Amino acid sequence: MNARKKMKHLYFSVAGDFMHPMITLHTIPLEPLHHDLQAKMVPFAGYMMPIHYIDGILQEHLHVRQHAGLFDVSHMGVILVKGDLSTAALESVLPTDIIEMQPFQVKYSLLLNDQGGIMDDLLIVRLDEGFLLVVNADKKHDDLSHLKD
């Protein structure tokens, strides 16, 4: 059985599966802070998200370089992959060595299509049992479908 066929025998679940963005726009936990900082908020993947702040992108860049920045990932897709063959199956679609990952270690990776092209970038977290994939909000349904196929 090849690794892609093994995917059909794994357990998948996705968090952040919300209604169509035209019906309801969801908020992120840091939205009050973004409003306090006078961020321009726009709809993105079913959420109201900040795109820039009143002082401009240059000031935001300088602040992050001189101090720190914070990125709220609560709008992103979270896919749980569990099962005996999860490591081998994920290695067939990620160009990343995940076999040696320790529990709660995180790696940046890419999700590849069947031709080896890039579908999405993601974070993969090794759990005690299985893996957690943090994928882009606007790609989460496509990514999950690809993993299940």
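Let's start with one residue: His52 is partly exposed, with a relative accessible area of 30%. You will find His52 in strand β3, which covers residues 47–52. Keep in mind as you look that this is a predicted model.

Which residues does His52 touch, leaving aside those up to four places away in sequence? Its partners are Gln38, Ala39, Lys40, Ile57 and Glu60. You can also look for Met41, which is 11 residues from His52 in sequence, with 7.9 Å between the two C-alpha atoms.

One of those partners, Gln38, deserves a visit of its own. Gln38 sits in the loop that joins α2 (31–36) to β2 (40–44). With a relative accessibility of 48%, Gln38 counts as partly exposed, because the exposed class begins over 50%. The backbone of Gln38 has a phi near 60°, a positive value in a residue that is not glycine. Most residues other than glycine have a negative phi. Phe104 offers another example, with a positive phi near 70°. This residue also belongs to a loop, here the one between α4 (86–91) and β5. Is Phe104 buried or exposed? Phe104 is exposed, at 57% relative accessible area.

Now let's step back and take in the whole chain. The protein chain has 5 helices and 7 strands. Followed from the N terminus, these elements come in the order α-β-α-β-β-α-β-α-β-β-β-α. The chain has 149 residues, and 36% of them count as buried. About 9,200 Å² of the chain is exposed, and carbon and sulfur atoms supply 57% of that area. Among contacts with a separation of 6 or more, 52% link residues that are 24 or more positions apart.

How confident is the predictor, and where? The mean pLDDT of the protein chain is 85, and 85% of its residues reach 70 or more. Confidence is highest in strand β5 (residues 106–112), with a mean of 97, and lowest in helix α1 (residues 3–6), with a mean of 48. Over residues 16–22, pLDDT stays under 50, and the model has 10 contacts beyond four places in sequence for this stretch. Where pLDDT is low, the predicted coordinates should not be read in detail.

Thr24 is our next stop. Thr24 belongs to the loop between β1 (11–15) and α2. At a relative accessible area of 28%, Thr24 is partly exposed. Although Thr24 and Gly46 are 22 residues apart in sequence, their C-alpha atoms are 7.1 Å apart in space.

Let's go inside the protein next. The largest nonpolar core contains 15 residues, and those with the most contacts inside it are Ile79, Leu90, Leu94, Leu122, Ile124, Leu133 and Leu147. Several elements each give at least two residues to this core: β4 (77–82), β6, β7 (131–135) and α5 (140–148). Which element supplies the largest share of this core? That element is β7, with 3 residues.

For a look at a buried residue, turn to Ala89 in helix α4. Its relative accessible area is 0%, so Ala89 is buried, as the cut-off for that class is under 20%. The C-alpha atom of Ala89 is 9.0 Å from that of Leu147, a residue 58 positions away along the chain. Leu147 is one of the core residues with the most contacts.

Strand β5 brings us to Lys107. This residue is partly exposed, at 24% relative accessibility. Apart from residues up to four places away in sequence, Lys107 touches Thr96, Asp97, Met101, Leu122, Leu123 and Ile124. For Ile124, which is 17 residues away along the chain, the C-alpha separation from Lys107 is 5.4 Å.

Another of these partners, Leu123, takes us to the surface. Leu123 lies in strand β6 (residues 118–126) and is partly exposed, with a relative accessible area of 36%. Together with Val106 and Tyr108, Leu123 forms a nonpolar patch on the surface, and the three have about 290 Å² of accessible area together. On either side of Leu123 in the sequence, Leu122 and Ile124 are among the core residues with the most contacts.

Notes
Residues are numbered from 1 along each chain as its sequence is written. This is a predicted model: local features need pLDDT of at least 70, side-chain atom pairs count only at pLDDT 80 or more; totals for chains, interfaces and linings use all residues. Side-chain values use heavy atoms; hydrogens and water are left out. Patches are made of residues with over 30% relative accessible area and no salt bridge: like charges are joined within 9 Å, nonpolar side chains (Val, Leu, Ile, Met, Phe, Trp, Tyr) within 5 Å. Accessible areas come from the Shrake-Rupley method with a 1.4 Å probe; for residues, only the protein chains shown count as cover. A salt bridge is a side-chain nitrogen of Lys or Arg within 4 Å of a carboxyl oxygen of Asp or Glu. Helices (H or I, at least four residues) and strands (E, at least two) are DSSP runs, numbered from the N terminus. Buried means under 20% relative accessible area, exposed over 50%, partly exposed in between (1.4 Å probe, protein chains only). A nonpolar core is a set of buried Ala, Val, Leu, Ile, Met, Phe, Trp, Tyr and Cys residues joined through side-chain atoms within 4.5 Å. pLDDT is the predictor's confidence in each residue, from 0 to 100. Contact means heavy atoms within 4.5 Å.
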